[in-house]
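These are my notebook entries on the structure shown below. I record what I looked up, one topic at a time.

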Amino acid sequence: EEARELLERVHAEARRRCAGEDHPDALAAVHNMGAFLQQRGSYAQAEPYLRRSLELCEAILGRDHPDALIARHDLAVLFMSLERWREAEELLLEARARCEQRLPAQHEDRLEVSKRLAQLYADTGRLDEAEALFGELLASCEGRLDESDPSLVSLWIQMAICPRRGGRPNEAEELYRRAHEAALHAHGPEH
């Protein structure tokens with residue numbers, strides 16, 4: 001594991017030095033290193049890479065470029081893992097506003113940013129805001145996705161948190177039941 005981490009760091013540094021920090025490969029290397037460290041749970045080590053990735057993407061590609069939106073989202077997810085709610089919310093609100101300006105309503109990145117923001121609201125006890133946002137997401141997905149689509153199943157599961165935490169167990173149970181039935185339909189009982 002340590003060898004892999006060292007290899008990733010050496011690879012990222014070599015790309016940066018050979019191609020220049022503003023080269024797409026160097027941008028990708030910085031972001032990938034941050035994502036790798038975050039995935040391992042090395043949040044303190046991941047933060048400088050993810051911050052640098054966002055800075056470079058915005059400076060080189062522009063604040064509205066899809067890679068900058070992804071970098072903003074990923075840094076927000078890191079902050080959520082660290083329970084740095086205010087910083088995460090600021091990044092997600094900005095990403096959501098930019099997604100709404102640039103991407104169609106059903107675009108995967110736009111939906112992911114809104115889903116993370118709803119999750120943040122639920123995690124911080126802002127259940128009304130979370131439920132409203134989950135409701136918007138559900139409305140935009142239900143008409144265009146098959147009932148067994150994993151995105152829709154995941155959304156029902158996440159949305160069930162709100163009524164469960166809000167003392168409405170019957171509503172939560174119905175959402176969990178829908179998710180379970182859809183997953184059974186898609187994958188069978190052995191999955």
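Is E47 buried or exposed? I looked up its relative accessibility, which is 14%, so E47 counts as buried. I note here that the model is a predicted one.

**Entry 1. The pair in α3**

I next looked for the partner of E47. Its side chain forms a salt bridge with that of R51, with an N to O distance of 2.9 Å. Both residues belong to helix α3, which covers residues 43-61. They stand four residues apart, about one turn of the helix. The general rule I kept in mind is that an α-helix has 3.6 residues a turn, so residues three or four places apart point the same way. I then checked R51, and its relative accessible area of 33% makes it partly exposed.

**Entry 2. Salt bridges between separate parts**

I counted the salt bridges in the model and obtained 21. I selected two further pairs for inspection.

In one of them, the side chains of D64 and R98 meet at 2.6 Å, N to O. D64 sits in the loop between α3 and α4, while R98 sits in helix α5 (residues 85-102), so this salt bridge ties together parts that are 34 residues apart in sequence. D64 has 23% relative accessibility and therefore counts as partly exposed. R98, at 18%, is buried.

In the other, R168 and E131 form a salt bridge of 2.4 Å, N to O. R168 is in the loop between α9 (161-165) and α10 (169-187), and E131 is in helix α7 (residues 127-142), so the pair links parts that are 37 residues apart in sequence. Both ends count as partly exposed: R168 has 28% relative accessibility, and E131 has 21%.

I also asked which residues are joined into one network by salt bridges that share partners. The network consists of E58, R63, D64, R72, E94 and R98. D64 and R98, the pair noted above, are thus among its members.

**Entry 3. The nonpolar core and α4**

I turned to the largest nonpolar core, which has 48 residues. Within this core, L75, L92, F134 and W156 touch the most other members. Helix α4 (residues 66-81) supplies the largest share, eight residues. As general background, nonpolar side chains in soluble globular proteins tend to be buried together.

How many of the 16 residues of α4 are buried? I found 12, so the helix is largely enclosed by the rest of the structure. The buried set includes L69, L75, V77, L78 and F79, and also the charged residues R72 and D74. R72 is also one of the members of the salt-bridge network.

I checked the geometry of α4 as well. From its first C-alpha to its last it reaches 23 Å, close to the 22 Å expected at 1.5 Å a residue.

For L75 I listed the contacts, leaving aside neighbours within four places in sequence. They are L50, R51, L54 and L91. R51 is the residue that forms the salt bridge with E47.

**Entry 4. The residue after α4**

Just after α4, I noted that E83 takes a positive phi of about 60 degrees. This residue is not a glycine. Most residues other than glycine have a negative phi. E83 lies in the loop between α4 and α5. Its relative accessibility is 56%, so E83 counts as exposed.

**Entry 5. S114 in α6**

Which residues does S114 touch, not counting those up to four places away in sequence? I found R96, L133 and L137. The side chains of S114 and R96 are joined by a polar contact of 3.1 Å. S114 is part of helix α6 (residues 108-123), and its relative accessibility of 6% means that it counts as buried.

**Entry 6. A26 and the cysteines**

A26 is located in helix α2 (residues 24-40). With 0% relative accessibility, A26 counts as buried. I took its C-alpha distance to L56, which is 30 residues away along the chain, and obtained 9.7 Å.

Lastly, I searched the whole structure for disulfides and found zero. I looked up the accessibility of two cysteines. C57 is buried, with a relative accessible area of 5%, and C141 is buried, with 4%.

Definitions and conventions. Residues are numbered from 1 along each chain as its sequence is written. This is a predicted model: local features need pLDDT of at least 70, side-chain atom pairs count only at pLDDT 80 or more; totals for chains, interfaces and linings use all residues. Side-chain values use heavy atoms; hydrogens and water are left out. A nonpolar core is a set of buried Ala, Val, Leu, Ile, Met, Phe, Trp, Tyr and Cys residues joined through side-chain atoms within 4.5 Å. Buried means under 20% relative accessible area, exposed over 50%, partly exposed in between (1.4 Å probe, protein chains only). Helices (H or I, at least four residues) and strands (E, at least two) are DSSP runs, numbered from the N terminus. Contact means heavy atoms within 4.5 Å. The expected span of a helix is 1.5 Å times one less than its number of residues. A polar contact is a pair of N or O atoms within 3.5 Å; within protein, one must be able to donate a hydrogen and the other to accept it, and residues adjacent in sequence count only if both atoms are side-chain atoms. A salt bridge is a side-chain nitrogen of Lys or Arg within 4 Å of a carboxyl oxygen of Asp or Glu. A disulfide is a pair of cysteine sulfur atoms within 2.5 Å.
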